[in-house]
Amino acid sequence: MNDLASSGLVGTKTVSNLFLRGYTLTGEAPALAANFAKYEVAALTATGLAKLVPGTHTADQAVIVLQPSTAVGQGLGYAIDGIWNHEALVWPAGTALDTYEERKAFFGNRPLQVGKRAAGGTSAS
């Protein structure tokens, strides 16, 4: 399947439950950490993409990183909207964002939201 952040062919064709509703590639910012995972929930700051720390960063700063990084300063594409399957995203470990309810409450009513799949593949809130 085509990678979401590029036009290159990546891996085998498999069905993903990544999205409940599509997103817009918003922009590119430098990585402030060397090890972002693809589809990691991060914080967009004035200087670049930082690891999300709830309590330090707000939901208004939250973005989805669209490609992995291996170096500080690497330009990474990100999205600030869409409804994403919370189980398919990479969340910060050891935070208060461990359950669907906590994740949904964190994002609130922003253009970037999380949802979950119901039985039969339809979205549920």
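Which residues of the largest nonpolar core touch the most other members? The legends below, prepared from a predicted model, begin with that core.

**Figure 1. The largest nonpolar core of the predicted model.** The core comprises 18 residues, and those that touch the most other members are Val41, Ile64, Trp84, Leu89, Trp91, Phe106 and Phe107. Strands S3 and S5, helix H1 and strand S8 (112-117) each supply at least two residues of this core. The most is given by H1, which contributes three residues. In soluble globular proteins, nonpolar side chains tend to be buried together.

**Figure 2. Overall secondary structure and confidence.** The protein contains one helix and nine strands, arranged along the sequence in the pattern β-β-β-β-β-β-β-α-β-β. Of its 125 residues, 37% count as buried. The average pLDDT of the protein is 80, and 74% of the residues score at least 70. Among the elements, the highest mean pLDDT, 96, belongs to strand S4 (residues 49-51), whereas strand S9 (residues 123-124) has the lowest, 49.

**Figure 3. The aromatic pair of Tyr39 and Trp84.** Three aromatic pairs are counted in the model. In the pair of Tyr39 and Trp84, the ring centres are 6.3 Å apart and the planes meet at 50°, so the pair is classed as tilted. Tyr39 lies in the loop between strand S2 (25-30) and strand S3 (41-44), while Trp84 belongs to strand S7 (residues 82-85); the pair therefore ties together parts that are 45 residues apart in sequence. Both rings belong to buried residues: Tyr39 has a relative accessibility of 14%, and Trp84 has one of 0%. Tyr39 also has a positive phi of about 70°, although it is not a glycine.

**Figure 4. The aromatic cluster of Trp91, Phe106 and Phe107.** Ring pairs link Trp91, Phe106 and Phe107 into a cluster. Within it, Phe106 and Phe107 form an edge-to-face pair, with 5.3 Å from centre to centre and 80° between the planes. Phe106 counts as buried at 18% relative accessibility, because the cut-off for burial is under 20%. Phe107 is likewise buried, at 3% relative accessibility. Trp91, Phe106 and Phe107 are also among the residues that touch the most other members of the largest nonpolar core.

**Figure 5. The two faces of helix H1.** Helix H1 spans residues 100-107, and its buried residues are Tyr100, Arg103, Phe106 and Phe107. Viewed down the axis of H1, these buried residues fall within an arc of 130°, so they line one face of the helix. An α-helix has 3.6 residues a turn, so residues three or four places apart point the same way. The face of H1 turned away from the buried side carries the exposed residues Glu101 and Ala105. After H1 comes Gly108, which has a positive phi near 60°.

**Figure 6. The antiparallel strands S5 and S6 and the loop between them.** Strands S5 and S6 run antiparallel and are joined by two bridges. Val65 stands opposite Tyr78 of S6. Strand S6 is mostly covered, with four of its five residues buried. Thr70 is located in the loop between strand S5 (62-65) and strand S6 (75-79), and this residue counts as exposed at 70% relative accessibility.

**Figure 7. Surroundings of Phe36.** The charged end of Lys51 sits over the ring of Phe36, at 4.6 Å from the ring centre. Thr70 is separated from Phe36 by 34 residues in sequence, while their C-alpha atoms are 7.3 Å apart in space.

**Figure 8. Ala46 in the loop between S3 and S4.** Ala46 is found in the loop between S3 and S4. Its relative accessible area is 88%, so Ala46 is exposed; the cut-off for that class is over 50%. Ala46 and Ala29 are 17 residues apart in sequence, with a C-alpha to C-alpha distance of 9.5 Å.

Methods:
Residues numbered from 1 in each chain as written. Heavy atoms only, no water. Phe/Tyr/Trp six-rings, centres within 6.5 Å; stacked < 30°, edge-to-face > 60°. Buried < 20%, exposed > 50% of the residue type's maximum accessible area, 1.4 Å probe, protein only. Lys NZ or Arg CZ within 6 Å of the ring centre and 35° of its normal. pLDDT = per-residue confidence, 0-100. Pairing = 2+ DSSP bridges. Arc of directions from axis to C-beta. Core = buried A, V, L, I, M, F, W, Y, C linked by side-chain atoms within 4.5 Å.
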